[in-house]
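Let's take a walk through a protein together, starting from the molecule it holds. Keep the 3D view open as you read.

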Amino acid sequence: MALREPAQASRIGVMGGTFDPIHLAHLIAAESVRDGFHLHRVLFIPAGTPPHKTGRRVSPAARRLAMVRLAISSNPGFEVSTIETDRPGASYTVDTVRSLRREFGPETKLYFITGADAVLEILSWKDPFEIFNHCELVAVTRPGYDAVALDRMVATMAGSGGVVHRLAIPEVSISSSEIRKRVKERRSIRYLVPDAVGEYIWRTGLYQD
Ligand code: ATP
Ligand code: MG
């Protein structure tokens, strides 16, 4: 497969998420895919802030972006993109990958990175099959994910031309929800988030109400 690719073709990973807050498992996932798939860089793309009508209130985009910037600053292979937070309202992966494809052109290989939990929901996303016209998916292992359901999903997607790779990564059961809960209870989040992100959370009072 590599032989058919032009020597200059760049390979870019796309790590989408709410990142409320970004944590070490996000960084482990992105670095594992960067390394495993020989990517030139990984773009972290925090999702836009959905309207407050349903579900949990997501922290303002500026806060989530600031934490992503702090978390990735030491890794030259990581970058942040404001493509979703610059648009008002909720974001759809299909719109994002379509814009990235337009921006980077047809030669660039795009890999959309998700946890195995999130990839199982892909059929409920907007225009899932169009997503595969623009990128391949990399599903990274996450503690507690359903391996059988994932196998079934990979087969279904392959049947309609979509490529889903699976990548085993060092699994840690960290989630943003658990971090928010800990902060609310004034418990330690050290070693769950980068130090600078932890300092930012305590300094700004995020998640404390
Ligand atoms: P929340 O608890 O608020 O849902 P989260 O920890 O799941 O937060 P998200 O921002 O929802 O974080 O996730 C962004 C991406 O990172 C998703 O594709 C998700 O599957 C993946 N991800 C998050 N935590 C892990 C983890 N511990 N291991 C592997 N992948 C993860
Ligand atoms: Mg999640």
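What follows goes from the ligand and its pocket to one buried residue.

A quick note first: this is a predicted model, where local features need pLDDT of at least 70, side-chain atom pairs count only at pLDDT 80 or more, and totals for chains, interfaces and linings use all residues. Residues are numbered from 1 along each chain as its sequence is written, chains are lettered from A and ligands numbered from 1 in the order in which they are written, and side-chain values use heavy atoms, with hydrogens and water left out.

Now find ligand 1. There are 21 residues around it (each with a heavy atom within 4 Å), and H23, G115, D117, S176 and S177 come nearest. Sort that shell by type and you get 7 nonpolar, 11 polar and 3 charged residues; here Ala, Val, Leu, Ile, Met, Phe, Trp, Tyr, Cys and Pro count as nonpolar, Asp, Glu, Lys and Arg as charged, and the others, Gly among them, as polar.

Next, zoom in on the oxygen atoms of ligand 1. One is 2.2 Å from a polar side-chain atom of S177. An oxygen is also 2.8 Å from a polar backbone atom of S176, and an oxygen lies 3.1 Å from a side-chain N or O atom of R142.

Finally, look at R180. Is R180 buried or exposed? R180 counts as buried because its relative accessibility is 16%, and buried means under 20% relative accessible area (1.4 Å probe, protein chains only). R180 and D20 sit 160 residues apart in sequence, yet their C-alpha atoms are 8.1 Å apart in space.

Methods: Polar contact = N/O pair within 3.5 Å; in protein donor to acceptor, adjacent residues only side chain to side chain. Buried < 20%, exposed > 50% of the residue type's maximum accessible area, 1.4 Å probe, protein only.
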